[in-house]
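Visitor: I should like to take a close look at a single part of this model, namely the charged pair at one end of a helix and what lies around it. Please begin with one residue and then relate it to the rest.

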Amino acid sequence: MGKLLYPRLAWQNIKGDRRFFAPYFLALLGNVAAFYIMTALAVDPGMSQLHGAMYVQSFCFMGMFIAAVFSAVFLLYVNGFLMKQRKKALGLYNILGMGKSHIAAVLFFETLFVGGAGIVCGLLTGLLFHKLVTLALYKLLRFAVPFGFAISWDAMARTAILFGVLIGLTLLSNLNKVRVSKPIELLYGGQVGEREPRTKWFMTLLGVLTLGAGYYIALRTTNGMEAIAFYFVAVFLVIIGTYCLFTAVSIFVLKALRANKRFYYKTSHFIGVSGMLYRMKQNAVGLANICILSTMVMVMVSGTLSLYLGTQDIVNRQAPSDLTVLVRYDPDEAEPFDPAAMLRFQEGFIQDQGYSVSEDLIYSSFTFTVGRLPDSSYTTENDLVTLGTAITTIQVLTQDAYAAATGVSLGLEAGEVAFGGEEDVLTIHWGALEGAGSFGRSDLTVAQHLEESLSADAAVSDTSTLVVADTAALMELYENQKEAYGEDSSWMEWQASFSVDATDEELRAVQQAYNQYVRDDAVFAGTGKWWSCGWTLRCDVEADAYGLAGGFLFLGIFLGTIFLMATVLIIYYKQISEGYEDKARFEIMQKVGLSREEVRASIRSQVLMVFFLPIAVAAIHILFDFNMVEKLLTLFQVYNTTLTALCTLGTVLVFFLVYGVVYLLTARTYYKIVER
């Protein structure tokens, strides 16, 4: 009987305090299931066999690491809430004669029951949803959906070990709290109040400055390279500012509201403001966590969704037809490259393989990279080590080529150019050509501004497009570039895109046959001299692009779901803990004459104020962050601002809807506790 006492007490405690244990169990279950699914995808050997899936597995390993770190922090954080509410019960055991060793035994069995059940049920849930998540992921990546059901024993073992260790750490933390606490502290530990906090002027100033600096960086970012260089700096400043905002600035605001007699001396405002002011120390961190997690969810989902929905535009730009041939050459060679001969060679080879082919787009251009100097002018120096990330890639082509690629006729006259990108790129210091002239030409006039870059490749640099009137102007700028860069100058590029009457697999087979055929350079006789000649298949570009964008979106949704779950749980425990703390206070107020309607009004005012303050601040963060997200997306060749804005707005509205549902559910729990 004695041996069964502690397990029985532990089970009775779990049933009696299920309002506290159930959310903890669900949080553990959710984290276990999420980690198992991500690990199973990361170690799945079949995933590596799929074209374009290399990005996804990299993202899955990244998601594994983030999920493991987050689970550790989150479970310890939630365990702190749980223990705070259970201090009275543990203190009562101590008062009734149980020693700390006996309480430790009860805690051990509680942890064993809840932790063991959470890990087992989490693994079962992970097994159940693994197939569903795999189907959704394959759908995002546009892969053929695999059949069958598989269990990843490797992922199961890793998950069980990780969460077994985490549960053990929470138990050690709880045992240590019991060891160092006195019985009276345990008995009344959940009822310890807060003194009125002082106005922290330094922290208030720090919060205003860091938040303002983060917002300033976000608004002043003008291109993708600046965004990638300063994004995490801005995020770090905003996080510091957010914690300071809720810790110090909130106290300053609440005291200012208390000083406003017209506002403060109303029943609902008086109770709400005074209650928040005296508990702001414990409220501040929770509110800041909710705000930051909410912001992270909305930024990740909206950004990755914008990238995914804009992927088709990226594919169309990189591979306008089924097959694209790219030849790099130097026009100054003694035996110049012959585009017409190369065109006949390429079409003839495809036709010899038994497929019909038609020309879609043929044009020449050249692309080079420049570096930004501290005075905002540009130079031929483009070393990343020297210049950091201040580089820009410029593509130069004729207006006929631009019209063929986009269908837009520019109507440029001699000496006129159209430009897409940062305007100050037009003034470049080119060695002997250094001066005020644009690209060594003082007579170039920017007649039109292009809405977006025509550059096809996603790269860690800003991209700009320069369209000139004719081939003579194109060749003159090419020679200027060649003279300035010397051995590091760029090649001229000839690009031809074809439509081929073949399936994706047939095209890949044709490409393999082509690679075998061109091993003998003699087959290119008559095409002139050139440096490289390669094929790009649209199906491969599409697989890679959707692999990258789909992987990002999957990771964004996965982490967003975990962070949303954490947000909901923090809100729930916050409502419960504050409900029990406020219950006695509102009972006293009713005894001294406060009506039931006034109690409900004051409760509603306080809950609304506390609940919607973090989401309001998160919405402001999103508003200021939009510019940086938009600039970051340009590095992936996503220039559709309208699409990004709609994805951001849609994500925010959906999140607000979910947040409102959480409010209704958790507020009801708070009301029941307070009005009981």
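What relative accessibility does R158 have, and how is this residue counted on that basis?

Guide: The model is a predicted one. In it, R158 has a relative accessibility of 35% and therefore counts as partly exposed, since that class lies between the limits of 20% and 50%. The partner of R158 is D154, with which R158 forms a salt bridge; the closest N and O atoms of the two are 3.2 Å apart. D154 is also partly exposed, at a relative accessible area of 38%. Both residues belong to helix α5, and because they are four residues apart there, about one helical turn separates them. Side chains of opposite charge can pair when their charged atoms come close.

The same helix has a nonpolar side to its account. A nonpolar patch on the surface is formed by L76, I161, V165, L169 and L172, which together have about 470 Å² of accessible area. Helix α5 makes the greatest contribution to this patch, giving four residues. One of the patch residues, V165, is found in α5 and is partly exposed, with a relative accessible area of 48%.

Helix α5, residues 153–180, also takes part in enclosing space. Together with α2 (18–42), α3 and α4 (100–141), α5 supplies at least two residues each to the lining of the largest cavity. This cavity has a volume of about 130 Å³. It is lined by 14 residues, and those closest to its centre are F21, N79, L82, T111 and N174. Helix α4 provides the largest share of the lining, namely five residues. By class, the lining consists of seven nonpolar, five polar and two charged residues.

The largest cavity is one of three cavities of 30 Å³ or more. The second largest cavity has a volume of about 60 Å³. Ten residues line the second largest cavity, and I290, I571, K574, V610 and F611 are the closest to its centre. Helices α11, α18 and α19 each give two or more residues to this lining. The largest share, four residues, comes from α18. The lining of the second largest cavity has seven nonpolar residues, one polar residue and two charged residues.

The largest pocket may be set beside these cavities. About 1,700 Å³ of space lies in this pocket. Fifty residues line the pocket, and Y231, F232, M296, V299 and M300 are the closest to its centre. The elements that give two or more residues to the pocket lining are α3 (54–95), α7 (201–220), α8 (224–259), α11 (280–309), α18 (538–591) and α19 (596–634). Thus α3 appears both in the pocket lining and in the lining of the largest cavity, while α11, α18 and α19 appear in the pocket lining and in that of the second largest cavity. The pocket residues divide into 41 nonpolar, eight polar and one charged.

To return to charged pairs, the bridge in α5 is to be read against a count of eight salt bridges in the model. Two others lie elsewhere in the chain and join parts distant in sequence. In one of them, the side chains of K482 and D332 meet, with an N to O distance of 2.9 Å. K482 lies in helix α16 (residues 471–485) and D332 in the loop between β1 (323–329) and α13 (339–352), so this pair ties together parts that are 150 residues apart in sequence. D332 is partly exposed, its relative accessible area being 43%, and K482 counts as partly exposed at 22% relative accessibility. D330 joins these two residues in a network of salt bridges that links D330, D332 and K482.

In the other, the side chains of E333 and K529 meet, with an N to O distance of 3.9 Å. E333 is in the loop between β1 and α13, whereas K529 is in the loop between α17 (504–517) and β10 (532–537); the two residues are 196 residues apart, and the pair links distant parts of the chain. E333 is partly exposed, with a relative accessible area of 29%, and K529 counts as partly exposed at 43% relative accessibility.

The contrast with the starting point concerns sequence separation: D154 and R158 are four residues apart within helix α5, whereas E333 and K529 are 196 residues apart.

Notes. Residues numbered from 1 in each chain as written. Predicted model: local features only at pLDDT ≥ 70, side-chain atom pairs only at ≥ 80, totals over all residues. Heavy atoms only, no water. 1 Å grid on protein atoms, 1.4 Å probe; cavity = no way out; pocket = protein on both sides within 12 Å on 5 of 7 lines; lining within 4 Å. Points joined across faces, edges and corners; volume = space filled by probe spheres on them. Nonpolar A, V, L, I, M, F, W, Y, C, P; charged D, E, K, R; others polar. Patch = residues over 30% accessible without salt bridge, like charges linked within 9 Å, V, L, I, M, F, W, Y side chains within 5 Å. Areas by Shrake-Rupley, 256 points an atom, 1.4 Å probe, with all protein chains shown as cover. Salt bridge = Lys/Arg side-chain N within 4 Å of Asp/Glu carboxyl O. Buried < 20%, exposed > 50% of the residue type's maximum accessible area, 1.4 Å probe, protein only.
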